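Me: Could you take a close look at one part of this model for me? I would like to see how a single residue fits into its surroundings.

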Amino acid sequence: MSLEDLYKEVILDHYRAPRNKGRLDPHDVLLERNNPLCGDEIELFLKFEDGQLQGISFDGKGCSISLASTSMMTEKVQGLSIEQARELTESIKRMMAGEEDGDPNALGDLVSLKGVVKYPVRIKCALLGWNTLLEGLAEGATNPS
Amino acid sequence: MTFDGAVVRKDFPIFETEAHGKRLVYLDSAATSQKPRQVLDRITLFYETENANVHRGVYELSEKATAAYEGARDACARFIGAASSRSLVFTRGTTEAINLVRYTWARVNVREGDEILITEMEHHSNLIPWQLLAQENGAILRHLPIDDEGKLRLDLLEEYITKDTKLVSLTLMSNVLGTINPVRLVADAAHAMGAKILVDAAQAAPHLSFDVNDLDADFLTYSAHKMCGPTGAGVLYGREELLEEMPPFHGGGDMIREVWADHATWNEIPYKFEAGTPNVAQAVGMGAAVEYLEALGMDAVREHEMELTAYAIERLDAMGATIYGPRQLDERGGVVSFNLEAVHPHDLSTIVDQEGVCIRAGHHCAQPLMRRLGVPATARASFYVYNTPEDVDALIDAVEKSKGWFA
């Protein structure tokens, strides 16, 4: 177990230069969530159109793992249908639970988060954005714009 | 005369282990301390040669167990200058002790519209019980503010302690800022308005010498596990006349005198508050921890930690860290919360751990205080009798390494 497994270059890159950071206006859903254990905070902005996640951005404070994971998430789920985004989120959660999950190439850059599994206390950091997204997708599905 | 942390360290078997193949540098004693062989051996000796239930048997072994248990109570009373062991109730720890006061004394004496005053720097254990009471009975919970240096706003005491204040409950030493509070001054202000004062000494007792009479405390509590003792033991000190008047806490064996089908009378204090078989071995271990610290000398403990704290602050300052809490050494204990601009506390804690250095990252069970400081989290290094300047150097080297990751 080495720090290189956790702090992969792609993670550090997203931490230094987060993508889709800041308010998204207009938006359909705004969720504020935090990780009470470490105080990480996230605001997630979602815009839906025809059952698709048309726009996504986030703001907040957090450690490198939570910020990088959320940043990568916003790149990956943009343009997906609600169902596709939900499936991707579930497979990330399975990866964090240590379960092998089909074709690792399907996750692309997100595979770099796999090293977090070896640091159990940091899994919550990595999943803060994704769990918030799951809630937002549920709202988007029940209140289609 | 102080002692050498490197020599004291040899009393603690845990330091024979390594962390990630490195020398174990334990800087999280504010969360829980390590345990010396003297305490561990005493607990083992109890189980091997004295174990029986207490206050029950008429046989010799039970008398031995009772003597060990009550001997520990005497040590814990002596440690804080309490005149009588009758005023010392064994609990599971500080949290249970504060809840005991909430469910007994406060339930009778704090009514709707009455005020409970705590401070902005309290640990959740001295906040949530009073929130729950206020929600239950309509009492008003107020928070004495702190200034930007993390000291109590004593200039506001008069405004915050009113004729409606029934209880002032505050920490003697902050687990985040290290601030040592002028409790006697607050106690005088509270008593002048007819209020009682509860002192949370969980963080102070392991590190400072103090006396309940000098503090003029009505209640005071501390835990074994932060002061070289085992988990599961702590004490509540209460003025005898208060303990006498208070209703019981938990019901069960040992806290009763006579029992009928539909009612009962209570045992004398402090047993009235100790229902069921207590954590006897843990209490005995707590007594051994007191004796261990007495042998080192609490003034020497304080001096040792002041030296380490001064050194740590100097080194962290030099690397540009933001340090929270008072800058005057005589106003703070050996708890140093800090932040680096470039590295989040969580990342810092993970990275320094790889170097064998254990520090805390997060909100330290004080979320309202974190909001007051305007930070989601801090890193925290805390020192104890077994730490050395070498440990501070290890921390600084590890922190330097962490900066490399995010440069």
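What follows starts from one residue and works outwards.

Me: Where is I43(B) found in chain B, and which residues is I43(B) in contact with, leaving aside its neighbours within four places in sequence?

Reply: Happy to help! Please keep in mind that this is a predicted model. I43(B) belongs to helix α2 of chain B, a helix that covers residues 37-50. Is the residue buried or partly exposed? I43(B) has 18 C-beta neighbours inside 10 Å, and because a residue needs 20 or more to be buried and 12 or fewer to be exposed, it is classed as partly exposed.

Now for the contacts. Once neighbours within four places in sequence are set aside, I43(B) touches P230(B), A281(B), V284(B) and G285(B). One of these partners, A281(B), lies 238 residues away along the chain, yet its C-alpha atom is 5.8 Å from that of I43(B).

From here we can move on to the nonpolar interior. The largest nonpolar core contains 161 residues, and V199(B), A289(B) and L395(B) have the most contacts inside it. Helix α11 of chain B, residues 280-296, provides the largest share of this core, with ten residues. The core lies between domain 1 (5-31 + 297-401) and domain 2 (40-294) of chain B, because both give residues to it. As for A289(B), its contacts beyond four places in sequence are with V39(B), A224(B), M227(B), C228(B) and G229(B).

Stepping back to the whole chain, chain B has 15 helices and 17 strands. Of its 407 residues, 51% count as buried. Among contacts between residues at least 6 apart in sequence, 71% join residues at least 24 apart; the pair I43(B) and A281(B), for comparison, is 238 residues apart. The C-alpha atoms of chain B occupy a box of roughly 70 × 55 × 35 Å along the principal axes. The radius of gyration is 22 Å, which agrees with the value near 22 Å for a compact globule of 407 residues.

Finally, chain B has a partner. Here 16 residues of chain A are in contact with 14 residues of chain B. On the chain A side, α1 (3-6) and β2 (40-49) each supply at least two residues. The residues on that side of chain A comprise nine nonpolar, three polar and four charged ones.

Key: Residues are numbered from 1 along each chain as its sequence is written. Chains are lettered from A and ligands numbered from 1 in the order in which they are written. This is a predicted model: local features need pLDDT of at least 70, side-chain atom pairs count only at pLDDT 80 or more; totals for chains, interfaces and linings use all residues. Helices (H or I, at least four residues) and strands (E, at least two) are DSSP runs, numbered from the N terminus. Two residues are in contact if their C-beta atoms, placed from the backbone, lie within 7 Å. A nonpolar core is a set of buried Ala, Val, Leu, Ile, Met, Phe, Trp, Tyr and Cys residues joined through C-beta atoms within 7 Å. Domain bounds come from an automatic or database domain assignment. The radius of gyration is taken over C-alpha atoms; the globule rule is 2.2 Å times the number of residues to the power 0.38. Ala, Val, Leu, Ile, Met, Phe, Trp, Tyr, Cys and Pro count as nonpolar, Asp, Glu, Lys and Arg as charged, and the others, Gly among them, as polar.
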